[in-house]
Amino acid sequence: QIDAIITFLANFENERRGKKFWKDRLNNWWNNNPSFNPNFKKGWILVDESGNIVGFIGNIPTNYIINGEIKIVNNMTTWRVLNEYRSHSISLFKEIIEASTSTILFDTTPNLNVEKILKLFKFDKIDVNKATAVPIYISKNTKNKYLKLVKPFITTINVFLFIFNKIFFSFQKKFRTKIMSSNEISNHFDDL
């Protein structure tokens, strides 16, 4: 099924990045992601009467600190549905909403149309000027070119991050999550 999803995403309207890009991306979302476990839902597909994929919504697990504890949260991504099946798009969205009833759900890349849908479902948008991102863990298998430079020190850095986050987040009593539009973040977002 993954190969069919890769083909669907690589051939989607106005997509020029090809199958290798999507294969690598899906591997990063799931197989190479230290937050992933086999019980996690990778995403959902919409199929036509012939069994062809006509829609997809992805889900990326991420470690997130909630009330001082590391929890896995959902990150909705790459919500794509062929034009003639867009009236069924909301069924994909409902699936990820249901899978997120006991955790937080982010949408890291909404376009303006998706933002309108998210507002209907009472999602809030993050005020970029007040947002804080704090790293909680660095994977030893990182693909980030800058983090590869400190690879020999990753274990020590992770111990420091664990202690820092325990202290830093012990003073935080409330967390508020919101939706951030992709046009509000820098092009370095993928390096995080």
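Helices (H or I, at least four residues) and strands (E, at least two) are DSSP runs, numbered from the N terminus. In this predicted model, threonine 142 lies in the loop that links α4 (112–120) to α5 (145–148).

**The chain as a whole**

The chain holds six helices and four strands. Read from the N terminus, its elements follow the order α-α-β-β-β-α-β-α-α-α. The chain has 192 residues, and 33% of them count as buried. About 12,700 Å² of the chain is exposed, with 54% of that area supplied by carbon and sulfur atoms. Among contacts between residues at least 6 apart in sequence, 61% join residues at least 24 apart.

**The sheet**

Strands of a sheet pair through backbone hydrogen bonds, either parallel or antiparallel. Here four strands make an open sheet with mixed pairing, in the order β1-β2-β3-β4. Because β1 (43–47) and β4 (105–107) stand at the edges and each has a single partner strand, one side of each is left without a neighbour in the sheet. From one strand to the next, the twist averages 25 degrees.

The table gives the pairings of the sheet.

| Strand pair | Sense | Bridges |
|---|---|---|
| β1 and β2 | antiparallel | five |
| β2 and β3 | antiparallel | eleven |
| β3 and β4 | parallel | three |

Single residues show how the strands line up. Between β1 and β2, glycine 43 has glycine 58 as its bridge partner, and leucine 46 has glycine 55. Glycine 55 also has a bridge partner in β3, namely valine 81. Proline 61 stands opposite asparagine 74 in β3. Asparagine 75 stands opposite phenylalanine 106 in β4.

Two hairpins connect strands of the sheet. The hairpin of β1 and β2 has five residues between the strands, and glycine 51 in this hairpin takes a positive phi near 90 degrees. The hairpin of β2 and β3 has two residues between the strands. In its turn, asparagine 67 has a positive phi of about 50 degrees.

How much of β2 is covered? Ten of the 14 residues of β2 are buried, so the strand is mostly covered; a residue counts as buried under 20% relative accessible area.

**Helices on the sheet**

Helix α1 (residues 2–10) packs on the sheet and touches β1, β2 and β3 (69–81). The direction of α1 makes about 105 degrees with that of β2. Helix α3 (residues 89–99) also packs on the sheet, where it touches β1, β2, β3 and β4. The direction of α3 makes about 175 degrees with that of β3.

Which residues of α3 are buried? They are Ser89, Leu92, Phe93 and Ile96. Seen down the axis of α3, these buried residues fall within an arc of 100 degrees, so they line one face of the helix.

**Helix α2**

Helix α2 (residues 18–31) has 14 residues, which should span 20 Å at 1.5 Å a residue. The C-alpha atoms at the ends of α2 are 19 Å apart, which agrees with that expected span.

The buried residues in α2 are Trp22, Leu26, Trp29 and Trp30. They cover an arc of only 75 degrees around the axis, which means that they are on the same side of α2. These buried residues pack against α1, β2 and β3. On the face of α2 turned away from its buried side are the exposed residues Lys20 and Asn31.

**Threonine 142**

Is threonine 142 in the loop between α4 and α5 buried or exposed? Its relative accessibility is 14%, and the cut-off for buried is under 20%, so threonine 142 counts as buried. Leaving aside neighbours within four places in sequence, threonine 142 is in contact with Leu147, Lys148 and Ile154.

Threonine 142 can also be placed relative to a residue from another part of the sequence. Threonine 142 and asparagine 32 are 110 residues apart in sequence. In space, their C-alpha atoms are 8.7 Å apart.

Terms used:
Residues numbered from 1 in each chain as written. Predicted model: local features only at pLDDT ≥ 70, side-chain atom pairs only at ≥ 80, totals over all residues. Heavy atoms only, no water. Pairing = 2+ DSSP bridges. Axes fitted to C-alpha atoms, helices over the stretch in contact; angles between N-to-C directions. Contact = heavy atoms within 4.5 Å. Buried < 20%, exposed > 50% of the residue type's maximum accessible area, 1.4 Å probe, protein only. Areas by Shrake-Rupley, 256 points an atom, 1.4 Å probe, with all protein chains shown as cover. Expected span 1.5 Å × (residues − 1). Arc of directions from axis to C-beta.
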